[in-house]
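Visitor: Can you walk me through this one? I'd like the overall layout, then one loop residue.

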Amino acid sequence: MELLDGKKVSNEIKDEIAAEVAKMKERGEKVPHLAAVLVGNDGASLTYVGSKVRSCERIGFESTLVQLPSTTSEIELLNKIEELNQNDDIDGFIIQLPLPPQINEQKVLLAVDPNKDVDGFHPTNFGKMALDMSTFIPATPFGILELLERYKVETQGKHTVVIGRSHIVGRPMSILMGRKGWPGNSTVTLTHSRTKNITQIISQADIVISALGVPNFLKAEMVKDDAVIIDVGITRVPDETKPRGYRITGDVDFDNVSKKASFITPVPGGVGPMTIAMLLKNTLLARERHRASKA
């Protein structure tokens, strides 16, 4: 069994981007600038945005955190997005989800300029991804592809089972694993809460990508020997033995499943760090495109 070490690979990617940024500085070019919009003070969102800002500092990006109160109205947020769309200094920005109930998430994501949508959530970018065109791939699926590539995991002709159909992970992952090229060229089954015989389907998979958000859902008896296991789940489970009162758990019963797997991602330290690394990679891409459009 080989561990797909997202922490290690994400640090390698950050070093590569930092080297690229250093060259930009040497040439006297503007460095990439990433902005994050956070509405309210959700604990997990604060932690996530904080680590994005720290990552920007480490690799030499400029970063801006736009923090708005949880009482912010939809129109106020849309105005702020329009400001960021028009701000030539900002290459890419993200809207941290979830948003408070008074704000329509879809309306907000549609308002983001697709050329600055480094999360890859805008329908324009999602459509381009589905058509195999050059675009911003959503950061988590992008990170999974990068892990498979760097660990030379064979995907061609394999049966990939994706568990979960969210627009952020499950659905894009099912498209990307079936695309021409590598990683890709696999036969994909997309499963979800309404799938019948889900255990039977999973047991036939060469590659399992679980993005369900149900702690320890995937058990050893559900997977075949030498399967590749990608655990996207990240849930806070109460645990009094931990200083914070909880532990982070994935969708996979790691201790037992890892005994059967050929490759497996840990939680934490697997897909999570890759998501931030690929968001930075998308921002670098946005900067390069921005520069090319002005040339």
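Guide: What follows covers the whole chain, then a single glycine.
Guide: This is a predicted model, where local features need pLDDT of at least 70, side-chain atom pairs count only at pLDDT 80 or more, and totals for chains, interfaces and linings use all residues. Residues are numbered from 1 along each chain as its sequence is written, and side-chain values use heavy atoms, with hydrogens and water left out.

Visitor: How is the chain divided into domains?
Guide: Domain 1 covers 26–115 and domain 2 covers 139–272, with bounds from an automatic or database domain assignment. Their C-alpha centres are 28 Å apart.

Visitor: And what does the C-alpha trace span?
Guide: About 55 × 40 × 35 Å along the principal axes.

Visitor: Changing topic: where is Gly233 found?
Guide: Gly233 sits in the loop between strand 8 (228–231) and strand 9 (235–238); strands are DSSP runs of E, at least two residues, numbered from the N terminus.

Visitor: Buried or exposed, that Gly233?
Guide: Gly233 is buried, at 5% relative accessible area. Buried means under 20%, exposed over 50%, and partly exposed in between, with a 1.4 Å probe and protein chains only.

Visitor: Which residues does Gly233 touch?
Guide: Leaving out residues up to four places away in sequence, Gly233 touches Ser210, Thr249, Gly250, Asp251 and Val267; contact means heavy atoms within 4.5 Å. Val267 is 34 residues from Gly233 in sequence, yet 7.9 Å away in space, C-alpha to C-alpha.

Visitor: Back to the whole chain: what share counts as buried?
Guide: Of its 295 residues, 49%.

Terms used
Helices (H or I, at least four residues) and strands (E, at least two) are DSSP runs, numbered from the N terminus.
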